[in-house]
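Here is a friendly walk through one protein model, with the charged pairs as our way in. Keep the sequence and the 3D view at hand as you read.

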Amino acid sequence: MDDPALPDVTQLKALSHPVRMRILGLLRTLGPATATLIAQRLGLNSGATSYHLRQLAEHGFVREAPELGSKRERWWQAVSQVTSVPEPVDPDDEGRDATDAFHHVVVGQQAQRMQAAAERRGGESQQWRAVTSVSDVTVAVTSDQAAQIQRRFEQLLWEVIDEHGGPPGPVAEGERRFNVVLATFVDTDEAAWGDDRA
C-alpha cells in the first residue's frame, strides 16, 4: 500500500469540506474519474466538481491522470489511499481548529454511511448480515492506557489494509466493499447514581 497523506494545516483546511471529502473518497474507492462522472454521482454540476478537484489537486490530494484523458476530458485520481491526521504534540489554535474541523467532517460522513448501512441491513443476505455489526465498550483508563488501546486497534487496521487494501476499482465476483471503522473517543463523564449534581 502507498504511504498515507500527511496534510499540513493548510492542506487540512482545504480538505475539510464535505464535498471534497466525498470526492476524494470516491476516487479512492472507485478509481479515476472525470468531473462529469463525479458530478453525476453527487448530483452536482460539473463546474462545482471541477472547482473542488482543482482545490484537491492544488493541495496534493489528487492529480490528473493524463494517460486516461483526452483533449476534451480530464481524468483525476487520488494520490494516496489513506489520509492520516495525527494530533499535533503542541498544536497552536490554527492547527487544533483545522484538526477538529477535519474530524468533525469525517465523523459526520461515517455516521451517515453507518446509518445507511443499518437501513439497508434488512435487505442483505444472511451471510452479509452476519458480518455486519456494531460493538462498543466503555472502559475507565488513563490517557496512556487509551493511547495503547488506540495503537492496538490501529495496528489491526493497517494489517487489514495491507492484506486486503488493493487498488481502487471494481470488486471481484462474490466480493463487496466492506467498511471497517475505528472510532475512539472520550465519553461523557456520567455522575454516579444518586449524585444529583450532574
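Let us begin with glutamate 94, which is partly exposed because its relative accessibility is 41%. Partly exposed here lies between buried (under 20% relative accessible area) and exposed (over 50%), using a 1.4 Å probe and protein chains only. Before going further, please note that this is a predicted model: local features need pLDDT of at least 70, side-chain atom pairs count only at pLDDT 80 or more, and totals for chains, interfaces and linings use all residues. Residues are numbered from 1 along each chain as its sequence is written, and side-chain values use heavy atoms, with hydrogens and water left out.

**Salt bridges**

What does glutamate 94 pair with in a salt bridge? Its partner is lysine 13, with 2.5 Å between the closest N and O atoms. The term salt bridge means a side-chain nitrogen of Lys or Arg within 4 Å of a carboxyl oxygen of Asp or Glu. Lysine 13 belongs to helix α1 (residues 9–15) and glutamate 94 to helix α5 (residues 93–120), so this pair ties together parts that are 81 residues apart in sequence. Lysine 13 is partly exposed, with 44% relative accessibility. As background, side chains of opposite charge can pair when their charged atoms come close.

How many salt bridges does a search of the whole structure find? The search finds four, and the table lists three pairs.

| Salt bridge | Closest N to O distance |
|---|---|
| Lysine 13 and glutamate 94 | 2.5 Å |
| Glutamate 64 and arginine 74 | 2.8 Å |
| Glutamate 124 and arginine 176 | 2.9 Å |

Take the pair of glutamate 64 and arginine 74, whose side chains meet in a salt bridge. Glutamate 64 sits in strand β2 and arginine 74 in the loop between β2 and β3, so the pair ties together parts that are 10 residues apart in sequence. Glutamate 64 is partly exposed at 36% relative accessible area, and arginine 74 is partly exposed at 42% relative accessibility.

Glutamate 124 forms its salt bridge with arginine 176. Glutamate 124 is in the loop between α5 and α6 (126–129) while arginine 176 is in the segment after α7, so parts that are 52 residues apart in sequence are tied together by the pair. With 21% relative accessibility, glutamate 124 counts as partly exposed; arginine 176, at 39%, also counts as partly exposed.

**Overall layout and the sheet**

Now for the wider view. The protein has seven helices and three strands, and its pattern along the sequence reads α-α-β-α-α-β-β-α-α-α. These elements are DSSP runs numbered from the N terminus: helices (H or I) have at least four residues and strands (E) at least two. The C-alpha trace spans about 70 × 50 × 30 Å along its principal axes, and buried residues account for 22% of the 198 residues.

The three strands make an open sheet in the order β1-β3-β2, with antiparallel pairing. β1 (33–34) and β2 (62–64) are at the edges with a single partner strand each, so one side of each has no neighbour in the sheet. Two strands pair if DSSP finds at least two bridges between them.

β1 pairs with β3 (residues 75–78) over two bridges, and alanine 33 stands opposite tryptophan 76 of β3. Three bridges join β2 to β3, where arginine 63 has glutamine 77 as its bridge partner. Along β3, Trp75 and Gln77 point one way, Trp76 and Ala78 point the other way, and all are buried. In a regular strand, side chains alternate between the two faces of the sheet.

**Surface patches**

Which residues form the negative surface patch? The patch consists of Asp136, Asp187, Asp189 and Glu190. Patch members have over 30% relative accessible area and no salt bridge; like charges are joined within 9 Å and nonpolar side chains (Val, Leu, Ile, Met, Phe, Trp, Tyr) within 5 Å. Each charge is placed at NZ of Lys, CZ of Arg, CG of Asp or CD of Glu. Lys and Arg count as positive, Asp and Glu as negative, and His and the chain ends are not counted.

Aspartate 189 lies in the segment after α7 (143–164) and is exposed at 75% relative accessibility. Aspartate 187 is found in the segment after α7 and is partly exposed at 39%. The C-alpha atoms of aspartate 187 and threonine 138 are 7.7 Å apart, with their positions 49 residues apart along the chain.

A nonpolar surface patch is formed by Val131, Phe153, Leu156, Val160, Phe178 and Val180, which together have about 520 Å² of accessible area, computed by the Shrake-Rupley method with a 1.4 Å probe, where for residues only the protein chains shown count as cover. One of its members, valine 160, lies in helix α7 and is partly exposed at 32% relative accessibility.
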